[in-house]
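Let's take a walk through a protein fold, one piece at a time. Have the 3D view open so you can turn it as you read.

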Amino acid sequence: MTDKLKPLREQIDSIDAQILDLLNRRAKVAQEVGHVKAETKAPVFRPEREAQVLRGVADRNPGPMGNHEVQTIFREIMSACRSLEKRVTVAFLGPAGTFSEQAVYQQFGSAVEGLPCASIDEVFRATEAGTADFGVVPVENSSEGAINRTLDLMLQTSLLISGEVAIAVHHSLMTKTGGMDGVKVICAHSQALAQCQVWLNLNHPNIERRAVASNAEAARMASADASIAAIASEMAGEQYQLGVVKAHIQDDPHNRTRFAIVGHLQTNPSGQDQTSLVLAVPNKAGAVYQLLAPLAKHGVSMTRFESRPARIGTWEYYFYVDVEGHVHDAAVARALAELQENAAFFKVLGSYPLSLT
């Protein structure tokens, strides 16, 4: 067996040496790119460019390695090279171990500075103030719908959406001991409690459930108090050294959460983009239909339509709309120009590359 393995290992060693050489050649070119960007004051992180690279490697991938694995490797290569120009700071809903932190690394790679924040509001504030270059905020969950606080803040902020990332959300019930003896309360974010309510009703109907700021905060609390069980990710459990009572307790096995990347950056077209808007209409019959008619007229597909109360004491609403394409695409530009003429309120939240997952 050793005789058969030796020449194969020698091939791997030779290939690894070539890979190392190519990685450093790429890094040197990235440094040159950084010098040009510094001279022109161009942004370090270009989500549309990175999306094009990741789509390109998937299109050219002959196998046997899968596209997801190849894209993960190239994302880390780009992250490491980008950090030679500048280490990007990204704010997220903390503490460490949240799904928001997972979304940070899935979008930016691991060569970034994560800035955990106590609330979604604080993520916006840190990014608006420039403490963070970007923020990652949850937008919607596949089973529980929109994250209303994020939608309300998107209405108020000057930040733009420059990217999106969707991640699979698997919840585990965890405690300090790995068992439920002596547990008096189950803690998690309100969304996680809602996403696991059927399982909880069947298995622990008599234990109090308490909503906290984040699942990772619940994990931190459980690590300090054996009477608390936490619903959180396996990453949070490892972070706080918890034992798993039961894994994958979410009611929907395909549960996913979509996150938006917010910042001051306005992205260029990547070829596969989406534009997010906030709209309001005059209070009259047929107003919503008339408002959205330009999208159909110019062949622009609407992929999401969400309403939120205007909170001004009357029965009026803001509408959150996603459409296919970039604001610089001719059809989208024409449709939005007409749409704006009919709207009582109109705001473009951003045009950005579609999530790869």
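We'll look at a sheet and then at a helix. Keep in mind that this is a predicted model.

Start with the sheet. It's an open one, built from five strands in the order S8-S7-S9-S6-S10, and their pairing is mixed. Why does one side of S8 and of S10 have no neighbour in the sheet? Strand S8 (208-211) and strand S10 (243-246) stand at the edges and have a single partner strand each, so one side of each is left free of a sheet neighbour. As you step from one strand to the next, the twist averages 35°.

Now zoom in on one pair. In general, strands of a sheet pair through backbone hydrogen bonds, either parallel or antiparallel. Here, strand S7 (residues 185-188) and strand S9 (residues 228-232) run parallel, joined by three bridges. One to look for is Cys-187, whose bridge partner in S9 is Ala-230. Lying across S7 and S9 you'll find helix H9 (residues 215-224), which runs at about 150° to S9.

Next, move along to helix H11 (residues 287-297). Its buried residues are Ala-287, Leu-291, Leu-292, Pro-294 and Leu-295. Look down the axis of H11 and these buried residues fall within an arc of 125°, so they line one face of the helix. Swing round to the other side of H11 and you meet Tyr-289, Ala-296 and Lys-297, which are exposed.

What do the buried residues of H11 pack against? Their partners are strand S12 (273-280), strand S13 (302-309), strand S14 (317-324) and helix H12 (330-342). After H11 comes Gly-299, with a positive phi near 70°.

Methods:
Residues are numbered from 1 along each chain as its sequence is written. This is a predicted model: local features need pLDDT of at least 70, side-chain atom pairs count only at pLDDT 80 or more; totals for chains, interfaces and linings use all residues. Side-chain values use heavy atoms; hydrogens and water are left out. Two strands pair if DSSP finds at least two bridges between them. Helices (H or I, at least four residues) and strands (E, at least two) are DSSP runs, numbered from the N terminus. Axes are lines fitted to C-alpha atoms, for helices over the stretch in contact, and angles run from 0 to 180 degrees between N-to-C directions. Contact means heavy atoms within 4.5 Å. Buried means under 20% relative accessible area, exposed over 50%, partly exposed in between (1.4 Å probe, protein chains only). The arc is that of the directions from the helix axis to the C-beta atoms.
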